[in-house]
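Welcome, and please load the model in your viewer. We will go from selection to selection, with a short note on what to look for at each stop.

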Amino acid sequence: MDRRNFLIGGTLTASGLVLANYLPSHAQDFLLKEREFKENALYEIFKSPGVQYRPFFRWWWNGDKIEKKEIVRELRLLKAAGIGGVEIYPIGFPFPNMTDDLGIPSLKWLSDDWLNMLQFAFEEAASLNMDCSLIADTGFPFGGEFLEEEDRTQVVVIGVKKMKGPLNTEFSLFDLYKEADPEIYYPYSGRTMEMLSVKLIPDPLDDMRSVVDLSEQIKTGFINVSIPEGQFALYALVKVEGFEEVLFGAPGGAGPVLNHFSKNAVQKYLDRLSGKIEKKINQLPSNFKSFFVDSLELQGANWTSDMRDEFQKRRGYDIFPYLPFILFKIGRMGNLIDPDYTVQTGDELTKTLTRMRYDWALTNAEVFRERFVDAFVQWCRDNKIKSRVQAYGRGYFLLEGSFPVDIPECETWVKYGIGKDIPEDEFTRWPWQLGQGNTMINKYVSSAAHLKDKRMISSEELTNIGMVFNESFEIFKIAGDQSTISGVTRPVFHGFNYSPPEAPFPGWIVWGGYFNDKNTVWPYFNLYVEYRARITALLQQGTMYADIALLAPIPDMWGLFGAQNEPFPTVVWPNYQMLIWESIHQNGNGCDYVSEQVIKDAVMQHGLMHYGSRRYKTIFLIEVRGIHPDTMKKLYDFVSRGGRIFCIEDYPDHYPGWYKHTEKDEEVKSWVEKMKRFTDRFILINKPDHDFCTWIGSVQEKYKLPSYVKIDEPCRYITQVRYQMPGATEVFFFINSSDSHDYTLKAAFNSAIVRGKQAWLWDAVTGERFKLRMNDNRLSLPLGPATSAIIVFNKDQEGNYFEPIPLGGDTNATTIDNTWHVQFQHYDGHTEDIKMEVLSDLKDIPQYSHFAGTVKYKSTFSMDERRKIEFLNLGKVYGISIVRINGKEAGIKWSGHRIYPIKDFVQQGNNTIEIWVVTVMLNYMKALTDNKIAQYWTNEGAKNQPLQSLGLAGPVSIY
């Protein structure tokens, strides 16, 4: 069978639903629009999401120690939790020195036995109406022991030896290789090194004519150096082949990493994969949805055999003589590890090297996109399977990298600080680490999808390496809501570990996140799944609105600091960049990132920048100084035709590259001067020292920027996105990302949005909907901590009005201060009964500070005929809370205020109240000092987690 067609046969069926998954996106939209002519259909999709909208789970096949009975058991666990599918991910066995593999043999990746298991998993998932995705490798990034030497990853690095003269000395090549060898994660033991050049230079270096080339000595194996008095340095330029090993590679996929800059190597790798599958599995089933590419952690890889030639062809000059001087000393993840490692350079030479460093990063990005991303996407298309790619890493196009991908993917993490008040100065130091789940890359990936009219934007979500065993649903919700605000419309939870129930407690855990049926909270995980599924189902029907475009100074950053490792850059340039897009959404607008290529390809007319279906009225240049003249010409067209540009902090003033830079610099300046004539449309503004949210609001007001929703009191933790649906339905998603602040949303919506429509509140937790009362296009809505609100404007009319639950009863509230009978149902199986006169955080009670399990609180209260009791407020709760009144369940809550409507459950006279609180496992795991896995994730190094609050702290009141 033709390799390009081997995946087709099993995918097309007579089922319209299955067929729709393989139609082009515009055809799928047509089917949706036909269905959505009925106003109520959108709500039905939201209320009861189909399998195509349900979250996936990354399913780590730990060590490929897989057996059919366990595949069946785990798929059924995930199905029962409401999961729609699995991303099958073979990976190395985790921490074999810490746990027992039960003697289960590992299957070799792509062997017949492994492929039989893969086919079985597909079939079993299909029987459960679950979808599957498959990573196109094992571990990450692509690689394996089968790679030929010429197909292994390559990097060119520098080794610098600083000296003080006068001095006569000798260095062996071994000494220089040792100096240059990058201190990366997982170096491959079979790596080889080649000395490309050796240069002696004065320190500081002001002129390239001062460089002495000693490369002729390389063939001798030694470099002899003779220097006069003064400071000097020896620069060794070294090529390292096969320098990186696959991270967590499973048997058959471990070994050296693939050269992602070699199209031939990439194609051979992919053809091997499809060839193996074709030989064993002739037709993949219809529930197989995509091949996946995970983290492109290439640790600074930057070379292939023709990289020098490609650079000269694309940039117009030879980079090789300058290459040692534009590189930095790199370590883990290819990050700059010592800014003072190289010598100082004079001002003019620094400017030259900055331009060349940009050219180098640009060339790397182009080659990578063409030879890896485009090749992978084409391979998927040839095989009629969708591509899903995290098309980012070090020095790749943040926007264009995702353009060709069918399902672009980003990342949202769980980490301490989510929901907390993080000062802006702290946030700007580490914007991908503090205060929120969505990472630096999310807005770029979602913007790329919007620019290419793609509605499915997936996210590796709930990634967790620092809060393992602390699976708080409230943290999940805040992080997931922030992910949605950044543009995500499909979460892939990270991740479910293949772990037989017989495995020593707590089981096999390869990479954080204790998603396991042995977790105390697992029986309730379906509640969070339903919440995320409803949001996914709704937002995939529409298009996120944006009328503002943001251009970040990527060329400036590449030139000054080198290409960064997204989504965790060493340097964010400028450091407040992320605050701009967030503040725009916090003030009632929507925005996308754009690139210079997008601007150059756009059509400028009638005051708008048109790119595909996107329309932008305003462009913000975020400290953009280096820019191409062709881009400036298009920006001039935009301004001259009525568009408006805000330049933050400075105007563009130069071309970022080297070739013909003098004349191109003048072109840039000339276009700037021409645009300055449009004083009301080409505007220089200065950033604030702090409070970017208020600042963006002041820019809106001063320059009369129209917003589609005017929020009375904008703040950092309240934000929104807008989606436009078929049939003129408008959807707004508001979130309160604080875990402690109450907020009353007071907002005025644009009259064009609300005219002739009813406002609704759709509850993604319950699936219910309620009408909202508005006055002159304004509404007021309480947003408690960790709360979200979906506000829908459509022509539906029938329904009940929303009545906010009061936070307290003022003078009518009564605290239940009777004795509480408390039963501890410990995770380890034993129970304990005590009495508590005053409720308090169990963390503060020494004998219970390491508890995990369910705590059952029981008390009584009375109600007489003179008083109505309608609500129960639990006060502060740390865990999932379940309430029973007089033996009847009054509900489950897992985030925000724990206020329960109870009027249907109370009775005259005495009433019995039971409150169950299900706690996280962290504190208990910290106490298991003999359990290596528990200690690794909770008590060691950076994973040393603080004790968490537990249980019901109250006060509990009724009103």
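Rings of Phe, Tyr and Trp (its six-membered ring) pair here if their centres lie within 6.5 Å; planes under 30 degrees apart count as stacked, over 60 as edge-to-face and the rest as tilted. By that rule the structure holds 79 aromatic pairs.

Before the first selection, some ground rules. This is a predicted model, in which local features need pLDDT of at least 70 and side-chain atom pairs count only at pLDDT 80 or more, while totals for chains, interfaces and linings use all residues. Residues are numbered from 1 along each chain as its sequence is written, and side-chain values use heavy atoms, with hydrogens and water left out.

**Stop one: aromatic pairs**

Select Phe-142 and Tyr-269. Their ring centres are 4.8 Å apart and the planes meet at 20 degrees, so this pair is stacked. Phe-142 sits in the loop between β3 and β4 (154–172) and Tyr-269 in helix α7, so the pair ties together parts that are 127 residues apart in sequence. Helices (H or I, at least four residues) and strands (E, at least two) are DSSP runs, numbered from the N terminus. Are these two residues buried or exposed? Buried means under 20% relative accessible area, exposed over 50%, and partly exposed in between (1.4 Å probe, protein chains only). Phe-142 counts as buried at 1% relative accessibility, and Tyr-269 counts as buried at 4%.

Now pick Phe-473 and Phe-476, another stacked pair, with 6.0 Å from centre to centre and 25 degrees between the planes. They are three residues apart in helix α13 (residues 473–485), which means that about one helical turn separates them. Phe-473 is buried at 3% relative accessibility, and Phe-476 is buried with a relative accessible area of 1%.

**Stop two: helix α7**

Go back to Tyr-269 and show the helix around it, α7 (residues 263–280). Its 18 residues reach 26 Å from the first C-alpha to the last, close to the 26 Å expected at 1.5 Å a residue; the expected span is 1.5 Å times one less than the number of residues. Colour the buried residues, among them Ala-265, Val-266, Leu-270, Leu-273 and Ile-277. Glu-278 is also one of the buried residues of α7. What covers them? The cover includes α5 (112–127), β3 (131–135), β8 (288–293) and α10.

**Stop three: salt bridges**

A salt bridge is a side-chain nitrogen of Lys or Arg within 4 Å of a carboxyl oxygen of Asp or Glu, and the count comes to 46. Select Arg-314 and Glu-366, whose side chains meet in a salt bridge at 3.1 Å, N to O. Arg-314 belongs to helix α8 (residues 307–315) and Glu-366 to helix α10 (residues 347–382), so the pair ties together parts that are 52 residues apart in sequence. Arg-314 is partly exposed at 23% relative accessibility, whereas Glu-366 is buried at 14%.

Stay on α10 and select Arg-355 together with Asp-665: here the salt bridge is 2.7 Å, N to O. Asp-665 lies in helix α19 (residues 661–676), and the two residues, 310 apart, link distant parts of the chain. Both Arg-355 and Asp-665 are buried.

Next, extend the view around Arg-314. Salt bridges that share partners join Asp-306, Glu-310, Lys-313, Arg-314, Arg-315, Glu-366, Glu-370 and Arg-371 into one network.

**Stop four: an open sheet**

Show the six strands of an open, antiparallel sheet in the order β13-β23-β24-β29-β26-β27. β13 (543–544) and β27 stand at the edges with a single partner strand each, so one side of each has no neighbour in the sheet. Strands pair if DSSP finds at least two bridges between them; β26 (residues 758–762) and β27 run antiparallel and are joined by three. Trp-760 stands opposite Lys-771 in β27.

Keep Trp-760 selected and add Arg-769, which lies over the face of the Trp-760 ring at 4.9 Å from its centre. A charge sits over a ring if NZ of Lys or CZ of Arg is within 6 Å of the ring centre and within 35 degrees of the ring normal. Arg-722 likewise lies over the face of Tyr-708, at 5.0 Å from the ring centre.

**Last stop: Gln-577**

Finish at Gln-577 in helix α16 (residues 577–586). Gln-577 is buried, with a relative accessible area of 3%. Leaving aside residues up to four places away in sequence, Gln-577 touches Tyr-444, Ala-552, Val-572, Tyr-593 and Ile-622, where contact means heavy atoms within 4.5 Å.
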